[in-house]
Amino acid sequence: MSSAKNLSPDTLVAQANHYIDTSTGALVPAIQPSTTYGRDVNYDLLGDYIYSRNHNPTFDQVERVICALDGGRDARIFASGQAAITAVLETVASGRHIVAPDIMYHGAQAWMRRLAEKRDIGLTLFDATSADGLANAIRPGQTDLVWIETLLNPTWDVLDIQKTADMAHGAGAILGVDATVTPPVTLKALDFGADIVFHSATKYLNGHSDVLGGVLVTGEMDDRWAEICEVRTLVGGTMGPFEAWLLLRGMRTLSIRCERAFASALKIARHFENHQKLKAVLYPGLTSHPGHHLAARQMTGGFGGMLSFLVDGDAHMAKKLISHLKIFIAATSLGGVESLVEHRRSVEGPESLVPDNLIRISIGIESVDDLIGDLQQALERL
Ligand SMILES: Cc1ncc(COP(=O)(O)O)c(C=O)c1O
């Protein structure tokens with residue numbers, strides 16, 4: 001599955017991979033709601049489809065666009081990001097071992113912990129800020145999956161994807177990369193040696209906070225990928241065709257949404273970098289960020305739309321800041337057109353290592369001056 005033309009990501013998403021329905025001339029694909037597909041008198045299938053838990057023409061449209069965007073060999077969409085991640089984790093056999101960062105998307109980590117508790121699967125969580133945290137975590141011959149995020153959520157620390165891939169491969173493991181906060185208009189993890197790229201399509205890809213979805217893209221048509229596809233069919237974590245169609249529509253504006261959100265995030269990070277009520281602004285676009293140069297090397301379309309503030313105070317102070325905001329909406333999630341703010345420690349629970357003075361901010365596409373003004377007035381009221 002690859003792009004018919006060598007289109008830039010901007011053109012690719014805007015035209016849904018130059019989509020034209022050759023039978024009708026339509027520029028927008030129809031939604032195919034049928035769950036089942038007929039056979040002829042010889043009991044041969046009439047078309048390429050059998051049952052929508054396996055495949056569906058509307059999924060295929062979306063998968064083709066995402067696969068081309070990430071420069072992969074094949075892609076699969078799932079009912080949610082978590083459904084996609086669990087399909088990857090399901091391929092790790094008993095007796096093998098998973099390595100992941102200690103600060104990352106907490107839902108994925110919770111499933112890894114559950115696997116470690118309920119099945120004979122090892123799990124080592126490493127400190128991504130320590131120089132040899134990853135090297136010490138990997139067990140050559142036993143580690144099967146190294147799972148990282150392109151920017152660690154919600155501290156936005158940056159890992160060297162190529163180095164991590166080399167280390168994983170050297171130990172006989174694959175590298176899976178959660179690229180949710182760095183969609184392929186700015187970072188293509190397969191180009192840096194990742195084996196599988198994951199996106200929660202609920203976030204930037206769809207971008208309108210109205211579809212739950214997950215995507216996996218593979219660099220190779222290997223046994224692992226065949227197993228992942230089998231897991232999707234057998235477990236049934238498939239997306240509905242209406243959601244798939246909405247996702248395709250949302251993706252058409254991915255480039256322009258990201259361009260606006262990423263530029264605003266950089267402006268906001270710079271504006272508040274030395275604010276007296278903040279201990280730090282965490283954003284890889286700031287030259288003061290320890291991962292800035294690495295991020296600049298790995299990201300071609302900006303540093304993302306996510307940043308975090310470390311408030312000069314405790315959890316109470318952080319939540320007070322949130323309560324003073326009038327434009328930012330206090331809600332979980334990210335990557336939508338509306339700017340959101342949240343206190344991650346409260347959302348993640350007692351096992352979370354996220355600092356309790358951290359507020360996570362997802363920048364949307366509103367006026368950046370309005371957003372700066374809102375944060376300014378809230379900080380002044382602290
Ligand atoms: C970085 C990251 N990965 C994975 C997920 C899980 O995706 P979903 O909520 O679509 O299941 C999320 C959701 O917040 C996320 O932020």
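**Exercise 1. Work out whether Ser362 is buried or exposed, then say what is around it.**

Start with the neighbour count: Ser362 has 27 C-beta neighbours inside 10 Å. The cut-off for buried is 20 or more, so Ser362 counts as buried. Keep in mind as you go that this is a predicted model.

Next, place the residue. Ser362 sits in strand β12, residues 358-362.

Now look for partners far along the chain. Met306 is 56 residues away from Ser362 in sequence, yet their C-alpha atoms are separated by 4.8 Å. Skipping anything up to four places away in sequence, the contacts of Ser362 are Gly305, Met306, Leu334, Gly335, Ser339 and Leu340.

**Exercise 2. Check the length of helix α13 and find which of its residues are buried and which are exposed.**

Step one is the ruler. Helix α13 covers residues 368-380, which is 13 residues. The expected span uses one less than the number of residues, times 1.5 Å, and that gives 18 Å for α13. The end C-alpha atoms of α13 are 18 Å apart, so the two agree.

Step two is burial. Leu371, Leu375 and Ala378 are the buried ones in α13. Their arc around the axis is only 65 degrees, so they sit on the same side of α13.

Step three is the opposite side, where Asp369 and Glu380 are exposed.

Finally, ask what does the covering: α9 (254-272) and α11 (315-324) are among the elements over the buried residues of α13.

**Exercise 3. Do the same job for helix α7, and name what its buried residues pack against.**

Ruler again: α7 runs over residues 223-236, 14 residues in total, and should span 20 Å. Its end C-alpha atoms are 19 Å apart, which agrees.

For burial, pick out Trp225, Ile228, Val231 and Arg232 in α7. Looking down the axis, these buried residues fall within an arc of 110 degrees, so they line one face of α7.

Turn the helix around and you meet Asp223 and Leu234, exposed on the face of α7 away from its buried side.

As for the packing, the buried residues of α7 go against β1 (74-78), α3 and β7.

**Exercise 4. Describe the shell around the ligand, then look at Leu212.**

Count first: 17 residues surround the ligand, and the closest are Ser80, Gly81, Tyr105, Ser200 and Thr202. Two elements give two or more residues to this shell, namely α3 (81-89) and α4 (106-118).

Sort the shell by class and you get 5 nonpolar, 10 polar and 2 charged residues.

Now for Leu212, which lies in the loop between β6 (196-200) and β7 (214-218). Leu212 has 20 C-beta neighbours inside 10 Å, so it counts as buried.

Beyond its neighbours within four places in sequence, Leu212 contacts Ala79, Ser80 and Thr202. Leu212 and Gly81 are 131 residues apart in sequence, and their C-alpha atoms are 7.5 Å apart.

**Exercise 5. Split the chain into domains and describe the contact between them.**

The chain divides into domain 1 (9-251) and domain 2 (255-380). Their C-alpha centres lie 26 Å apart.

The contact takes 27 residues from domain 1 and 31 residues from domain 2. On the domain 1 side, helix α1 (residues 9-14) gives the largest share, 3 residues. By class, that side has 14 nonpolar, 8 polar and 5 charged residues.

**Exercise 6. Scan the backbone: where is a cis peptide bond, and which non-glycine residues have positive phi?**

For omega, go to the Asn153 to Pro154 bond: it is cis, with omega near 10 degrees. Pro154 is in the loop between β4 (143-149) and α6 (161-170).

For phi, His18 shows a positive value of about 55 degrees. His18 belongs to the loop between α1 and α2 (57-70). With 15 C-beta neighbours inside 10 Å, His18 counts as partly exposed.

Ser333 is another case, with phi near 90 degrees. You'll find Ser333 in the loop between β10 (329-330) and β11 (340-342). Its count is 14 C-beta neighbours inside 10 Å, so Ser333 is partly exposed.

Key. Residues are numbered from 1 along each chain as its sequence is written. This is a predicted model: local features need pLDDT of at least 70, side-chain atom pairs count only at pLDDT 80 or more; totals for chains, interfaces and linings use all residues. A residue is near a molecule or strand if its C-beta atom, placed from the backbone, lies within 6 Å of it. Helices (H or I, at least four residues) and strands (E, at least two) are DSSP runs, numbered from the N terminus. Ala, Val, Leu, Ile, Met, Phe, Trp, Tyr, Cys and Pro count as nonpolar, Asp, Glu, Lys and Arg as charged, and the others, Gly among them, as polar. A residue is buried if 20 or more other C-beta atoms lie within 10 Å of its own, exposed if 12 or fewer, and partly exposed in between; C-beta atoms are placed from the backbone. The arc is that of the directions from the helix axis to the C-beta atoms. Two residues are in contact if their C-beta atoms, placed from the backbone, lie within 7 Å. Domain bounds come from an automatic or database domain assignment.
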